[in-house]
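Dear colleague,

Here is the structure I said I would pass on. My notes on it come after the sequence and coordinates.

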Amino acid sequence: MSASVLIRIARLSDAATFVEHRLELFRADGQLPVDADVDELVRDTHAAFVEDVEQGTSVIWFAESSGAPVGSTVLTFRPRIPSVKNPLRREAYLAHMFVHADLRRRGVGSMLLRTAIEEARGRGHLRMLVHATAAGGELYERFGFRRRTTEMELTFAR
């Protein structure tokens, strides 16, 4: 499959497609019920996409097959306080990875991930982080990502 897939940088005109990919990702992972009110999420995801493309704070790619988008990924560059593991003041974070369900395990995710890893390395980053879904963990491990157990979260009510 991967031979007929093209990876390309996102354009502003891809915003609506990206929003669709993001919603489908959340639904497939069980984070978003099919009947959920998504107006705010759609609006804010669209705005974030446009801002990231215009300001260059992220690199967004689409995977296309026969001219149709079949996957997408976002590599974000965030400032950080230096640490022993990463003495730089920046880190690469894979903020989104999506492949249409009928094309999973056919090389599309690997192509997107390889592209993101090459970009992070090319920019001189020393590490790349990702929060993997249950379905995606195996892909990341094949590329050398290791699971960490120290992360914790505190959620605030709206």
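The notes go from the overall fold to the strands, and then to single residues.

This is a predicted model, in which local features need pLDDT of at least 70 and side-chain atom pairs count only at pLDDT 80 or more, while totals for chains, interfaces and linings use all residues. Numbering runs from 1 along each chain as its sequence is written, and side-chain values use heavy atoms, with hydrogens and water left out.

Overall fold

The protein has four helices and five strands. Both are DSSP runs numbered from the N terminus, helices being H or I of at least four residues and strands E of at least two. Their order along the sequence is β-α-α-β-β-β-α-β-α.

The C-alpha trace spans about 45 × 45 × 30 Å along its principal axes. The radius of gyration is 16 Å, which agrees with the value near 15 Å for a compact globule of 158 residues; this radius is taken over C-alpha atoms, and the globule rule is 2.2 Å times the number of residues to the power 0.38.

Of the 158 residues, 39% count as buried. Buried means under 20% relative accessible area, exposed means over 50%, and partly exposed lies in between, with a 1.4 Å probe and protein chains only. The accessible surface comes to about 9900 Å², and 53% of it belongs to carbon and sulfur atoms; the areas come from the Shrake-Rupley method with a 1.4 Å probe.

Among contacts with a separation of 6 or more, 61% are between residues 24 or more positions apart, a contact being heavy atoms within 4.5 Å.

Strands S2, S3 and S4

S2 (58–65) and S3 (68–79) run antiparallel and are joined by eight bridges. Strands are taken to pair if DSSP finds at least two bridges between them. One of the S2–S3 bridges links Glu64 to Pro69 in S3. The two strands form a hairpin with two residues between them.

S3 also runs antiparallel to S4, through nine bridges. S4 covers 90–99, and there Glu91 is the bridge partner of Arg78.

Phe62 lies in S2 and is buried, with a relative accessible area of 0%. Its C-alpha is 31 Å from that of Thr149, which is 87 residues away along the chain.

Loop residues

Most residues other than glycine have a negative phi. Two residues to look at on that point are Ser66 and Arg105.

Ser66 sits in the turn of the S2–S3 hairpin and has a positive phi of about 55 degrees. Ser66 is exposed, at 79% relative accessible area.

Arg105 is in the loop between S4 and helix H3 (108–122). Its phi is near 65 degrees, again positive in a residue other than glycine. Arg105 is exposed as well, with a relative accessible area of 68%.

Arg89 belongs to the loop between S3 and S4, and it counts as exposed at 60% relative accessibility. What does Arg89 contact, leaving aside its neighbours within four places in sequence? Its partners are Arg78, Pro79, Arg80 and Pro82. From Arg89 to Asp37, 52 residues apart in sequence, the C-alpha distance is 38 Å.

Regards
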